[in-house]
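Please walk through this structure with attention to how its aromatic rings are paired and what encloses its internal space.

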Amino acid sequence: MLTLSPQDISAVWLSLKVACSATLIATPFGIACGYFLAFGKTRGKAVIEGMISLPLVLPPVVVGYLLLLSFGSNGIIGKFLNLLGIQVVFSLTGAVIASAVVGFPLMVRSIRIGMEAVDQSYISVSRTLGAGWWDSFFTIVLPLSSRAIFSGMSLMFARNLGEFGATVILAGNIPGVTQTIPLAIYEYTAVPGGDRMALTLCLVSISLSFAILLVSEGINRKFKKG
């Protein structure tokens with residue numbers, strides 16, 4: 001019978017905690033970037049879009065190394081955070097940041113597609129009726145693209161559950177602190193006789209993925225009925 005050790009339970013809990021935190025923190029920024037890419041007319045939009053999509057094409061290890069250079073004790077951001085007493089490297093905060101950066105492009109792409117599908121004549125009509133930018137955004141754009149926003153959040157959450165490369169570089173593989181499911185599986189595969197425990201965590205990961213899909217489909221159906 002496949003059982004989970006206390007360390008495995010901690011890894012599952014940390015995976016859910018990191019995925020939820022990264023997704024919730026990134027959502028406002030994802031909505032802002034999606035809106036900019038869908039409706040913005042700035043000349044440098046293509047460059048910004050390329051920068052947002054960069055984590056999709058770069059190896060996760062490269063993303064993690066760049067984050068390490070930025071958030072390390074000698075990094076540009078790291079020096080400022082050290083003054084505030086905030087540690088990112090080899091901490092849960094680092095795991096959340098790594099997951100957020102890697103999964104962020106998936107969220108933005110989904111939100112952008114949803115916002116581009118919004119009929120802009122609705123926005124024009126609202127403006128002629130005296131609605132300001134915030135009114136149009138919260139009463140038209142946001143409700144009509146809510147399915148895309150939720151889909152983007154679901155994609156990012158699922159991607160965060162499987163994040164490995166950037167996390168292990170920035171946050172390390174510390175049991176009970178930063179060790180998520182992928183990191184625990186990696187550790188078990190490197191230990192003789194750890195195949196059974198690695199398989200157990202693989203089954204847990206698959207179960208969580210199916211649960212995310214089922215919840216996502218259920219909410220999408222409710223949106224369609226609404």
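Helices here are DSSP runs of H or I with at least four residues, numbered from the N terminus. In this predicted model, helix α7 (residues 133-144) holds both Trp 133 and Phe 137, which sit four residues apart, about one turn of the helix. Planes under 30 degrees apart count as stacked, and because the rings of Trp 133 and Phe 137 have planes at 5 degrees, with centres 5.4 Å apart, the pair is stacked. Trp 133 is partly exposed at 36% relative accessibility, whereas Phe 137 is buried at 8%. Both residues also belong to one aromatic cluster, together with Tyr 35, Phe 39, Trp 134 and Phe 138.

Another pair is formed by Phe 164 and Tyr 186, whose ring centres lie 5.3 Å apart and whose planes meet at 55 degrees, so the pair is tilted. This pair links distant parts of the chain, 22 residues apart, with Phe 164 in the loop between α8 and α9 (165-170) and Tyr 186 in helix α10 (residues 181-189). Phe 164 is partly exposed, with a relative accessible area of 27%, and Tyr 186 is likewise partly exposed, at 48%.

Turning to the interior, a search of the whole structure finds one cavity of 30 Å³ or more, and the volume of the largest cavity is about 50 Å³. Its lining includes Ser 15, Ala 95, Asn 160 and Glu 163, and α1 (6-39), α5 (92-116) and α8 (146-161) each supply at least two of the lining residues. By class, the lining divides into four nonpolar residues, five polar and one charged.

How values were computed
Residues numbered from 1 in each chain as written. Predicted model: local features only at pLDDT ≥ 70, side-chain atom pairs only at ≥ 80, totals over all residues. Heavy atoms only, no water. 1 Å grid on protein atoms, 1.4 Å probe; cavity = no way out; pocket = protein on both sides within 12 Å on 5 of 7 lines; lining within 4 Å. Points joined across faces, edges and corners; volume = space filled by probe spheres on them. Nonpolar A, V, L, I, M, F, W, Y, C, P; charged D, E, K, R; others polar. Phe/Tyr/Trp six-rings, centres within 6.5 Å; stacked < 30°, edge-to-face > 60°. Buried < 20%, exposed > 50% of the residue type's maximum accessible area, 1.4 Å probe, protein only.
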